[in-house]
Amino acid sequence: MSNYGAPMMPLLQYITREEQCKISKVIKVLIVDDHPLFREGLMKALSLEDDIHVLGHSEDGENALRVIQKLNPDVILLDVNLPGINGLQVARQLKTENTSVSIVMLTAYHDTQQVIYAMRAGASAYCNKDIRPEHLVEVIRDTANGSYVVDDKRMDKRALEDWIQ
């Protein structure tokens with residue numbers, strides 16, 4: 001109770017997801033990829049990190065949207081090519097819904113135009129699937145803290161907007 005007789009509200013209701021990540025130090029991750037071996041490898045690699053918790057996984061875009069609403073992850077590792085709704089469509093839908101989740105696009109395809117489409121769709125980062133595990137962990141931490149990452153370049157929102165132009 002406050003001094004005025006009203007119940008005190010938890011501080012976490014008034015801060016952003018990025019601020020929550022900084023305070024709680026644990027980043028909640030959802031993996032969305034249709035390749036079981038790749039998903040399992042990601043889960044194993046990320047399980048070695050004390051500050052990253054994998055909430056679960058999804059195999060397609062439609063299910064991913066349902067799971068995201070239910071689990072409320074901080075970061076999504078999202079394949080571009082998924083059955084049904086693809087990763088770009090998932091990112092665009094999440095951006096339309098104004099969710100604060102950070103989206104790390106993982107793909108085997110890396111061309112500049114695809115990167116620009118992904119970042120415009122709402123991605124926070126764009127990485128090749130051949131990324132080294134320790135680098136992916138850095139990208140997850142950076143995006144959870146509000147940065148944007150393309151290749152090895154970390155940017156704030158303004159720098160990303162300038163880069164997309």
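This note goes through a predicted model point by point, from the overall fold to single residues.

1. Overall layout. The protein has seven helices and seven strands, and a reader who follows the sequence from its start meets them in the order α-β-α-β-α-β-α-β-α-β-α-β-β-α. Of the 165 residues in the protein, 41% are buried. Among the contacts with a separation of 6 or more, 62% are made by residues that lie 24 or more positions apart.

2. Strand β1 and its pairing with β2. Strand β1, which spans residues 27-32, is mostly covered, with five of its six residues buried. Strand β2, residues 52-58, runs parallel to β1 and is joined to it by six bridges; within this pairing, Leu30 is found opposite Gly56 of β2. The two strands also belong to a right-handed β-α-β unit, in which the helix is α2, residues 36-46.

3. The pairing of β1 with β3. Strand β1 is also paired with β3, residues 75-79, and here four bridges join the two strands, which run parallel. Two residue pairs help to place this pairing in the structure: Val29 stands opposite Val75 of β3, and Val32 has Leu78 as its bridge partner in β3.

4. Strand β3 itself. Which way do the residues of β3 point, and are they buried or exposed? Val75, Leu77 and Asp79 point one way from the strand, while Ile76 and Leu78 point the other way, and all of them are buried. In a regular strand, side chains alternate between the two faces of the sheet. The strand as a whole is accordingly described as mostly covered, with five of its five residues buried.

5. From β3 to β4. Strand β3 is joined to β4 by five bridges, and these two strands run parallel. Leu78, already named as the bridge partner of Val32, stands opposite Met105 in β4. Together with helix α4, strands β3 and β4 make a right-handed β-α-β unit.

6. Helix α5 and its surroundings. In helix α5, which covers residues 112-121, the buried residues are Gln114, Val115, Ile116, Ala118, Met119 and Ala121. What do the buried residues of α5 pack against? Their partners are the helices α4 (87-96) and α7 (157-164) together with the strands β4 (102-107), β5 (125-128) and β6 (148-150).

7. The two ends of α5. At the start of the helix, a side-chain oxygen of Asp111 comes to within 3.1 Å of the backbone nitrogen of Gln113. Just after the helix, Gly122 takes a positive phi of about 125°.

8. Positive phi outside glycine. Most residues other than glycine have a negative phi. Two residues are worth checking on this account. Asn72 has a phi near 55°, which is positive although the residue is not a glycine, and its place is the loop between α3 (61-71) and β3. Asp151, likewise not a glycine, has a positive phi of about 60° and lies in the loop between β6 and β7 (153-155). How are these two residues classed by accessibility? Asn72 counts as partly exposed because its relative accessibility is 39%, and Asp151 counts as partly exposed because its relative accessibility is 44%.

9. Val137 and its contacts. Val137 sits in helix α6, residues 133-144, and counts as buried because its relative accessibility is 4%, where the cut-off for buried is under 20%. Leaving aside residues up to four places away in sequence, Val137 touches Leu46, Glu49 and Ile52. Val137 and Glu49 are 88 residues apart along the chain, yet their C-alpha atoms are separated by 8.2 Å. Ile52 belongs to the range of residues given for β2, and Leu46 to the range given for α2.

10. Aromatic rings. How many aromatic pairs does the structure hold? The number is zero. The ring of Phe38 nevertheless has a charged neighbour, Lys129, which lies over its face at 4.6 Å from the ring centre.

Technical notes
Residues numbered from 1 in each chain as written. Predicted model: local features only at pLDDT ≥ 70, side-chain atom pairs only at ≥ 80, totals over all residues. Heavy atoms only, no water. Buried < 20%, exposed > 50% of the residue type's maximum accessible area, 1.4 Å probe, protein only. Pairing = 2+ DSSP bridges. Right-handed = clockwise from strand over helix to strand, strands pointing away. Contact = heavy atoms within 4.5 Å. Polar contact = N/O pair within 3.5 Å; in protein donor to acceptor, adjacent residues only side chain to side chain. Phe/Tyr/Trp six-rings, centres within 6.5 Å; stacked < 30°, edge-to-face > 60°. Lys NZ or Arg CZ within 6 Å of the ring centre and 35° of its normal.
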